[in-house]
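I set out to record in this notebook what I looked up in one structure. The entries follow the order in which I looked.

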Amino acid sequence: MPWFKVDDKFHEHPKVVEARVEGGWSAVGVWLGAGTWCNSHLTDGQVPRSWVALNGAHAEATALVKAGLWVETEAGFEFNDYMDYQPSKADVIAKTEARSKAGSRGGQAKRKQTASKTEAFAKPVPVPEPISGDLVRVSRASTTAGRKRERTLQRLTTIKGELA
C-alpha cells in the first residue's frame, strides 16, 4: 500500500487554517483519515458520502469543501489536487506488478544459483573399504555389544586352549 503523503507545513497552509476555523481540528482529522482511506482503497481521492456518514463527519466535510480542500461531487467528495501529490491507482498497481515480477525473477535466479552450488560442492558417496580382522575386533569392542562379544570370544579361546 502506498503512503498518504502530507507536507510538514500542512498545518500552516491557508486552506487548512480556514478549515480549522470552520470545523476545528476535527475537520483536519477527517481530511487525514479520508486521505489514508483513499490510499488504502485506491480511490484516486474519491470519498463516498457513505464514508462521511459512517464517520459522522457531515459538518467537517462541509468545512473542507468551504476551505477548498475538498470538492463536492455526485458520489460524495473529492480531494482537491489529489493526483498532484498522491500516486494514482494505476501507478500503484503497475508498481506492485513490477515488484512482484522482479521478486519472482529474483526467486528463480536464487533457485538456479542454489542448484548449481549444490552440484558444484557435492561430495562423492563414500565407498567402504575392506579392513583387517584385528581392526574389526577393535571397532566392535568400542560398543557395549562388541565388548560382550569380545569377552565371549576370549573365554571360548581360553576354554578351547584348555581342552587341547
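**Entry 1: Arg-49 and its partners.** I began with the exposure of Arg-49 in this predicted model. Arg-49 has a relative accessibility of 35%, so I enter it as partly exposed. I then looked for an acidic partner and found Glu-72, whose side chain meets that of Arg-49 in a salt bridge with an N to O distance of 3.2 Å. Arg-49 belongs to helix H2 and Glu-72 to strand E2, and the pair links distant parts of the chain, 23 residues apart. Glu-72 has a relative accessible area of 47% and is also entered as partly exposed. Arg-49 has an aromatic partner as well: its charged end sits over the ring of Phe-77, at 5.4 Å from the ring centre.

**Entry 2: Phe-77.** I next asked where Phe-77 lies, and whether it is buried or exposed. Phe-77 is part of strand E3. Its relative accessible area is 8%, so I enter Phe-77 as buried. Leaving aside residues up to four places away in sequence, I listed what Phe-77 touches: Gly-45, Gln-46, Val-47, Arg-49, Val-52, Ala-61, Val-65, Trp-70, Val-71 and Glu-72. Both members of the salt bridge of Entry 1, Arg-49 and Glu-72, are thus among the residues that Phe-77 touches. I also checked Pro-48, whose C-alpha is 6.2 Å from that of Phe-77 although 29 residues separate the two in sequence.

**Entry 3: the other salt bridge.** How many salt bridges are there in the model? I count 2. Besides Arg-49 with Glu-72, I found Lys-66 with Glu-22, where the closest N and O atoms are 3.3 Å apart. This pair also links distant parts of the chain, since Lys-66 is in helix H3 and Glu-22 in helix H1, 44 residues apart. I looked up the exposure of each partner: Lys-66 is exposed, at a relative accessible area of 54%, while Glu-22 is partly exposed, at 40%.

**Entry 4: the two sides of H3.** Lys-66 led me to the rest of its helix, H3, which spans residues 58-67. Which residues of H3 are buried? I noted Glu-60, Ala-61, Ala-63, Leu-64 and Ala-67. Viewed down the helix axis, the buried residues of H3 fall within an arc of 160°, and they therefore line one face of the helix. As a reminder to myself, residues three or four places apart in an α-helix point the same way, because there are 3.6 residues a turn. On the other side of H3 I found His-58, Ala-59, Thr-62 and Lys-66 exposed. I then looked at what covers the buried residues of H3, and the cover includes H1, H2, strand E2 and strand E3. Following H3 comes Gly-68, with a positive phi near 90°.

**Entry 5: aromatic rings.** I turned to the aromatic side chains and counted 8 aromatic pairs in the structure. One of these is Trp-37 with Trp-51, a tilted pair with 6.4 Å from centre to centre and 45° between the planes. Trp-37 lies in helix H1 (residues 14-41) and Trp-51 in helix H2 (residues 49-54), so this pair ties together parts that are 14 residues apart in sequence. I entered Trp-37 as partly exposed, at 24% relative accessibility, and Trp-51 as buried, at 10%. Trp-70 and Phe-79 form an edge-to-face pair, because their planes stand at 65°; their ring centres are 5.7 Å apart. Trp-70 is buried at a relative accessible area of 2%, and Phe-79 is buried at 4%. I then traced one aromatic cluster, made up of Phe-4, Phe-10, Trp-31, Trp-70, Phe-77, Phe-79 and Tyr-82. Phe-77 of Entry 2 thus belongs to this cluster.

**Entry 6: the chain as a whole.** Last, I recorded the totals for the protein chain. I counted 7 helices and 3 strands, in the order α-β-α-α-β-β-α-α-α-α from the N terminus. Of the 164 residues, 22% count as buried. The chain exposes about 12,200 Å², and carbon and sulfur atoms supply 59% of that area. Among contacts with a separation of 6 or more, 64% come from residues 24 or more positions apart.

Notes: Residues are numbered from 1 along each chain as its sequence is written. This is a predicted model: local features need pLDDT of at least 70, side-chain atom pairs count only at pLDDT 80 or more; totals for chains, interfaces and linings use all residues. Side-chain values use heavy atoms; hydrogens and water are left out. Rings of Phe, Tyr and Trp (its six-membered ring) pair if their centres lie within 6.5 Å; planes under 30 degrees apart count as stacked, over 60 as edge-to-face and the rest as tilted. Helices (H or I, at least four residues) and strands (E, at least two) are DSSP runs, numbered from the N terminus. Buried means under 20% relative accessible area, exposed over 50%, partly exposed in between (1.4 Å probe, protein chains only). A charge sits over a ring if NZ of Lys or CZ of Arg is within 6 Å of the ring centre and within 35 degrees of the ring normal. The arc is that of the directions from the helix axis to the C-beta atoms. Contact means heavy atoms within 4.5 Å. Accessible areas come from the Shrake-Rupley method with a 1.4 Å probe; for residues, only the protein chains shown count as cover. A salt bridge is a side-chain nitrogen of Lys or Arg within 4 Å of a carboxyl oxygen of Asp or Glu.
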